[in-house]
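Here is a structure to go through by question and answer. Please keep the sequence and the coordinates at hand.

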Amino acid sequence: MLLLKRGCKGEGENMKTWQRRFHQKMEWEKPNDTWSLTVEDNLSPRNPERPWHLYQQRKAFARFQCSCCTRRWPSAQVLILFHMHLDRSQRQGQVKMRVCGQKCKRCHGAKFEMPTFSQENIERILDNLVLKIRAKCYRESIANRDLADPIVEEDVEGPHDTTRCEACALGICYLSTYGFVIPASLAAASQSGQLAWRGADTESDWKLVCYVLPVVVALLIFAVLFSGK
């Protein structure tokens, strides 16, 4: 299990594992370009200024441990922010990464703890990141169905605690953004089903709303007309 610690420079052996695997994957996909991955604790959750692109890995599974009481808990609602940019003239790409933490529910004044990811989930998260880089920075045709669902490695009980979720505090957790209160077990189960929210970005969210909203309105009008007969 690999813990990703706070620190804008991404120091430590655990971050080196993320960086090494990311470098290997990008070297395989784009051998003519050089890419770097760094952690930034204060990375903006909103769309960055061009030519940077935003990608959100939603519903990743990880484990947390409180630094005060040592309580442990799993979560299938971990959100990871990525900002990515390719300088074509220099053939250099950059990715900035921010992992949203969670607070312990037992400790008063608890801080946001950083999660621990399994190696297999790290591989899937980085594979999704590489696909998004290909789509956004190289303009390749990549479908959302090509993205891998993170593995939910154990049962997660209880509703998602929006008051102790850093992504919810930033207003970017989909469970709070869309007004849902979903039991964690149901949210985790949707990973492998049709409700799975794979990697997402703001642009794709708006496209989804634009497509779904007219259908919902039409169905409501039809229901009203039909009930009046």
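What follows is a short exchange about salt bridges, cavities and the surface of this predicted model.

Student: How many salt bridges does the rule count?
Tutor: The rule asks for a side-chain nitrogen of Lys or Arg within 4 Å of a carboxyl oxygen of Asp or Glu. Applied to this predicted model, the count comes to 12.

Student: Which helices are tied together by the salt bridge of Lys 25 and Glu 123?
Tutor: The side chains of Lys 25 and Glu 123 meet at 2.8 Å, N to O. The two residues are 98 places apart in sequence, so the bridge ties together separate parts of the chain, namely helix α1 (residues 13–29) and helix α2.

Student: Are Lys 25 and Glu 123 buried or exposed?
Tutor: A residue is called buried under 20% relative accessible area and exposed over 50%. For both Lys 25 and Glu 123, the class is buried.

Student: Where does Glu 153 lie, the partner of Arg 63 in a salt bridge?
Tutor: The bridge between Arg 63 and Glu 153 has an N to O distance of 2.8 Å. It links parts 90 residues apart: Arg 63 is in strand β3, and Glu 153 is in the loop between α2 and α3 (166–169).

Student: Why does Glu 153 count as partly exposed?
Tutor: The partly exposed class runs between the buried limit of 20% and the exposed limit of 50%. Glu 153 falls in this class because its relative accessibility is 29%.

Student: What is the relative accessible area of Arg 164, which pairs with Asp 161?
Tutor: The side chains of Asp 161 and Arg 164 form a salt bridge of 2.8 Å, N to O. Asp 161 is partly exposed, with a relative accessible area of 28%. Arg 164 is also partly exposed, and its value is 28%.

Student: Which secondary structure elements each supply at least two residues of the lining of the second largest cavity?
Tutor: The search finds 2 cavities of 30 Å³ or more, and the second largest has a volume of about 30 Å³. Its lining is made of Arg 58, Lys 59, Gln 77, Leu 79, Cys 173 and Tyr 174. The elements that each give at least two of the lining residues are β3 (53–65) and β4 (72–87).

Student: Which residues form a nonpolar patch on the surface together with Leu 225?
Tutor: Leu 225 is found in helix α6 (residues 202–227). Leu 225 counts as exposed because its relative accessibility is 56%. The patch has about 280 Å² of accessible area in total, and the partners of Leu 225 in it are Val 217 and Ile 221.

Note on methods
Residues are numbered from 1 along each chain as its sequence is written. This is a predicted model: local features need pLDDT of at least 70, side-chain atom pairs count only at pLDDT 80 or more; totals for chains, interfaces and linings use all residues. Side-chain values use heavy atoms; hydrogens and water are left out. Patches are made of residues with over 30% relative accessible area and no salt bridge: like charges are joined within 9 Å, nonpolar side chains (Val, Leu, Ile, Met, Phe, Trp, Tyr) within 5 Å. Accessible areas come from the Shrake-Rupley method with a 1.4 Å probe; for residues, only the protein chains shown count as cover. Helices (H or I, at least four residues) and strands (E, at least two) are DSSP runs, numbered from the N terminus. Buried means under 20% relative accessible area, exposed over 50%, partly exposed in between (1.4 Å probe, protein chains only). On a 1 Å grid over the protein atoms alone, a cavity is a set of points where a 1.4 Å probe fits but cannot get out, and a pocket is an open set with protein on both sides within 12 Å along at least five of seven lines; lining residues have an atom within 4 Å of a point. Grid points are joined across faces, edges and corners, and a volume is the space filled by probe spheres set on the points.
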